[in-house]
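Student: Please take one part of this model and go through it closely. I would like the largest pocket, its lining, and the elements around it.

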Amino acid sequence: MPVSNGERLLQTENSLKLIPHVLVAALAVAAGSALAQAYPNRPVTLVVPFAAGGPTDVVARTVGQAMSRSLGQSVVIENKLGAGGTIAAGYVAKAAPDGYTILIHHNGMATAPALYRKLSFNPLTDFEYVSQVVDVPMTMLGRKDLPPNTLQELIPYVKANADKLNLAHAGLGAVSHLCGMVFRQAIGAELQTVPYQGTAPAMNALLGGQVDLLCDQTTQTIPHIKAGSVKFYGVTTSGRIKALPQSPTLEEQGLKGFQVVVWHGIYAPKGTPAAALEKINAAVRFALKDPVVQQRMAELGAEIVPDAKLTPEGLRTWLQAETDRYGPMIRSAGAFAD
Ligand code: MLT
């Protein structure tokens, strides 16, 4: 059908009117993908809730260094200490949700809501979940000159000297505190406790003989156990571990049901863009496939979690399950931090 000059003009005008919308939409898509491509264009801060040189710090630095190769940017470790790890978690919950501030934390994310009635954040609603990382056994240690050499000798010794002995830990919400509580309950003895801002300073106190007992993660304790600079009474897992194959568990030595395993997760503030979360998750996976990371973790007794846990959902569902497990236990024990 012939088109008149007037109609042609109208069609041209209409398509010209369309151009700005098409352009805006195209530019928006381009800008979005440019932003996604641009992330990260500066260092990413990985916040560690405990002291430098301690177990969480060792995992963060080992994994973070390998993550930086995947991200193309440094992963900078920031140790934010205090209140059993809750200062760091609260800080990250309120950080800008831009993918440049992330958190590594352990079981403390699940115990904090029951321990701290005035918690400034909600672990189940104030974060984006990136991935789980590694599971780490714990070990029950004494200072080198503590008289008992075995768990069988330690239990009556602690019961007889409970008022003179103390147990170091990294604050309420720290796994060293949790393990100490489980130990005291298992042997039926009260012990004085001494809080530090991480088990790195707690270990220094044990090595220096200022404290008597410490339950701490293999990521820090294996070198000291191998060097013989501490008394070692057993591992807290249900079975023996590859890194210490000759060492019995506390359970096989008679403390039935004694099991404490430390799990780690990486979190970002709620609202962090999906594109950034995907890159951080890919970087964690990349790091955990790195043979250097795998060897270091194996030497330190840490077990890289299976692929199904290397997902946001894997971390979120685990955190929920652990919160449901610990919450009632802590509330019924009446153990409050505030
Ligand atoms: C640390 O890194 O110091 C420990 O993970 C603290 C703790 O016992 O939870």
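Tutor: What follows goes from the whole chain to the pocket, then to one helix of its lining and a loop residue that touches that helix.

This is a predicted model, in which local features need pLDDT of at least 70 and side-chain atom pairs count only at pLDDT 80 or more, while totals for chains, interfaces and linings use all residues. Residues are numbered from 1 along each chain as its sequence is written, and side-chain values use heavy atoms, with hydrogens and water left out.

The protein chain has eleven helices and ten strands (DSSP runs numbered from the N terminus: H or I of at least four residues for helices, E of at least two for strands). Of its 338 residues, 51% are buried, where buried means under 20% relative accessible area with a 1.4 Å probe, protein chains only.

The largest pocket has a volume of about 1,000 Å³. A pocket here is an open set of points on a 1 Å grid over the protein atoms alone, where a 1.4 Å probe fits, with protein on both sides within 12 Å along at least five of seven lines; lining residues have an atom within 4 Å of a point. The volume is the space filled by probe spheres set on the points, which are joined across faces, edges and corners.

The lining numbers 41 residues, and Gln259, Val260, Val261, Arg325 and Tyr326 lie nearest the pocket centre. By type there are 24 nonpolar, eight polar and nine charged residues (nonpolar: Ala, Val, Leu, Ile, Met, Phe, Trp, Tyr, Cys and Pro; charged: Asp, Glu, Lys and Arg; polar: the others, Gly among them). Helix H11 gives the largest share, seven residues. Elements that each supply at least two include strand S4 (127-143), helix H6 (175-187) and helix H10 (291-299). Domain 1 (44-135 + 262-333) and domain 2 (137-235) each contribute at least three residues, with bounds from an automatic or database domain assignment.

H6 has 13 residues and spans 18 Å from first to last C-alpha, close to the 18 Å expected at 1.5 Å a residue (1.5 Å times one less than the number of residues). Its buried residues include Cys179, Phe183 and Ile187. Just after H6, Gly188 has a positive phi of about 70°.

Leu255 sits in the loop between strands S8 (230-235) and S9 (261-269). Leu255 is buried, at 7% relative accessible area. Not counting residues up to four places away in sequence, Leu255 touches Leu151, Ile155, Phe183, Ala186, Ile187 and Leu250, contact meaning heavy atoms within 4.5 Å. Ala186 is 69 residues from Leu255 in sequence, yet their C-alpha atoms are 6.5 Å apart.

Methods. Buried means under 20% relative accessible area, exposed over 50%, partly exposed in between (1.4 Å probe, protein chains only).
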